[in-house]
Amino acid sequence: QVQLVESGGGLVQAGGSLRLSCAASGFAFRAIGFGWHRQAPGKERELVATISASTSTYYADSVKGRFTISRDNAKNTVYLQMNNLRPDDTAVYYCATMNKAYWGQGTQVTVSS
């Protein structure tokens, strides 16, 4: 059974940091790429960052230089380190496989000004 479980969201002041985790199970983790997506109220879901099986990364322009995606194959976990957070980063953050076949339930990130 494939499962992705996000954690680490919360409320933080502007300029603060959070680290999101996505624990994966039920498939060959090290062979698969992953992405973090987010959806703010009233907006479409958008891609934030991806990491391939070979650890190549991609970042949306809006988070480049502030967010870092990484993976720990020994722990079957993907991370999203978010620094210098801004109020417009407020959203539900989702972890998904690179092909978008599997998604987590999401974790809320709220950044206050």
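This is a short walk through one sheet, the main core and a few single residues of the structure above.

Okay, before anything else: what you're looking at is a predicted model.

Let's start with the sheet. Which strands are in it, and in what order? There are 4 of them, running E1-E3-E8-E7, and the sheet is open with antiparallel pairing. E1 and E7 sit at the edges with a single partner strand each, so one side of each has no neighbour in the sheet. On average, neighbouring strands here are turned by 15 degrees against each other, if you ignore direction.

Now go along the pairings. E1, residues 3–7, is joined to E3, residues 18–25, by 5 bridges, and the two run antiparallel. If you want a spot to click on, glutamine 3 stands opposite serine 25 in E3. On its other pairing, with E8, E3 is again antiparallel, this time over 6 bridges. There, leucine 18 has methionine 82 of E8 as its bridge partner.

Stay with E1 for a second. In a regular strand, side chains alternate between the two faces of the sheet. You can see two faces in E1: Leu4 and Glu6 are on the covered one, while Gln3, Val5 and Ser7 are on the uncovered one.

Right, the core. Nonpolar side chains in soluble globular proteins tend to be buried together. The largest nonpolar core in this model has 28 residues, and Phe34, Trp36, Leu80, Met82 and Tyr93 have the most contacts inside it. Several strands give two or more residues to this core, among them E3, E4, E5 and E10. The largest share comes from E3, with 4 residues. And yes, Met82 is the residue we just met opposite leucine 18.

Next, threonine 50. Is it buried or exposed? Its relative accessible area is 11%, and buried means under 20%, so threonine 50 counts as buried. You'll find threonine 50 in strand E5, residues 46–51. Leaving out residues up to four places away in sequence, threonine 50 touches Phe34, Gly35, Ser56, Thr57, Tyr58, Ile69 and Met98. Phe34 is also one of the best-connected core residues I listed.

Last bit: backbone angles. Most residues other than glycine have a negative phi. Where do we get a positive value instead? Asparagine 76 has one, with phi near 50 degrees. Asparagine 76 lies in the loop between E7 and E8, and is partly exposed at 28% relative accessible area. Lysine 100 has a positive phi too, near 65 degrees, and belongs to the loop between E9 and E10.

Definitions and conventions: Residues are numbered from 1 along each chain as its sequence is written. This is a predicted model: local features need pLDDT of at least 70, side-chain atom pairs count only at pLDDT 80 or more; totals for chains, interfaces and linings use all residues. Side-chain values use heavy atoms; hydrogens and water are left out. Buried means under 20% relative accessible area, exposed over 50%, partly exposed in between (1.4 Å probe, protein chains only). Contact means heavy atoms within 4.5 Å. Two strands pair if DSSP finds at least two bridges between them. A nonpolar core is a set of buried Ala, Val, Leu, Ile, Met, Phe, Trp, Tyr and Cys residues joined through side-chain atoms within 4.5 Å. Axes are lines fitted to C-alpha atoms, for helices over the stretch in contact, and angles run from 0 to 180 degrees between N-to-C directions.
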